[in-house]
Amino acid sequence: MSIAITLHLLAAVIWVGGMFFAYLALRPVAGHLLEPPLRLQLWAKVFDKFFPWVWAAIVLLLTSGFWIIFAVYGGMDMVGLHVHLMLLLGLVMMAIFLHIYFAPYRRLNQAVARQDWTAGGAKLNQIRKLIAVNLVLGLVVIVVGTGGIYL
């Protein structure tokens with residue numbers, strides 16, 4: 001179980017921590033210092049590097065989470081409400097990421113390749129809003145996962 005919990009926590013830290021850094025540190029600086037063409041190119045490359053880590057985090061979260069639920073606790077009916085809530089919110093986060101990845105992120109890359117900065121800016125703004133939602137959900141999941149049994 002210690003391996004599963006460690007993998008689960010590492011995956012959550014990578015995903016949620018990456019969103020936290022990108023949204024609250026990188027985004028304001030990039031917005032202040034860079035003109036739209038360079039800013040959009042930066043974000044396209046940042047997502048190119050970060051999103052494979054999110055894919056890996058999703059695989060690890062699902063694998064380790066179900067490993068803990070079924071191999072350690074004996075199934076969904078043996079875990080507390082906080083685990084059900086953590087799973088539900090995690091699945092919502094994954095669905096939002098899938099949408100980001102297969103829709104606005106792809107269109108952002110296409111716009112950057114065409115040097116269509118207006119379209120790219122619209123897609124980046126859409127991604128920004130969805131990542132804000134996922135960041136809040138991720139922070140809630142952390143609170144529920146770590147303190148839920150006591151709430």
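**A tour from Met1 to the core**

Select Met1 to begin: Met1 is partly exposed, with a relative accessible area of 42%, where partly exposed lies between buried, under 20%, and exposed, over 50% (1.4 Å probe, protein chains only). The model is predicted, so local features need pLDDT of at least 70 and side-chain atom pairs count only at pLDDT 80 or more, while totals for chains, interfaces and linings use all residues. Residues are numbered from 1 along each chain as its sequence is written, and side-chain values use heavy atoms, with hydrogens and water left out.

Next, colour the chain by secondary structure, which shows five helices and zero strands, helices being DSSP runs (H or I) of at least four residues and strands (E) of at least two, numbered from the N terminus. Met1 sits in the segment before H1.

Now add Ile3, Ile5, Leu9, Trp67, Val72, Tyr73 and Met78 to Met1, and you have a nonpolar patch on the surface with about 760 Å² of accessible area together. H1 (2-33) and H2 (36-72) each supply at least two residues of this patch, and the largest share, three residues, comes from H1.

Then turn to the largest nonpolar core, which has 35 residues, and select those with the most contacts inside it: Trp15, Met19, Phe47, Phe51 and Leu108. The largest share of this core, ten residues, comes from H2.

Finally, centre on Phe47, which touches Pro52, Tyr105, Leu108, Leu124, Ile127 and Ile131, not counting residues up to four places away in sequence.

Technical notes
Patch = residues over 30% accessible without salt bridge, like charges linked within 9 Å, V, L, I, M, F, W, Y side chains within 5 Å. Areas by Shrake-Rupley, 256 points an atom, 1.4 Å probe, with all protein chains shown as cover. Salt bridge = Lys/Arg side-chain N within 4 Å of Asp/Glu carboxyl O. Core = buried A, V, L, I, M, F, W, Y, C linked by side-chain atoms within 4.5 Å. Contact = heavy atoms within 4.5 Å.
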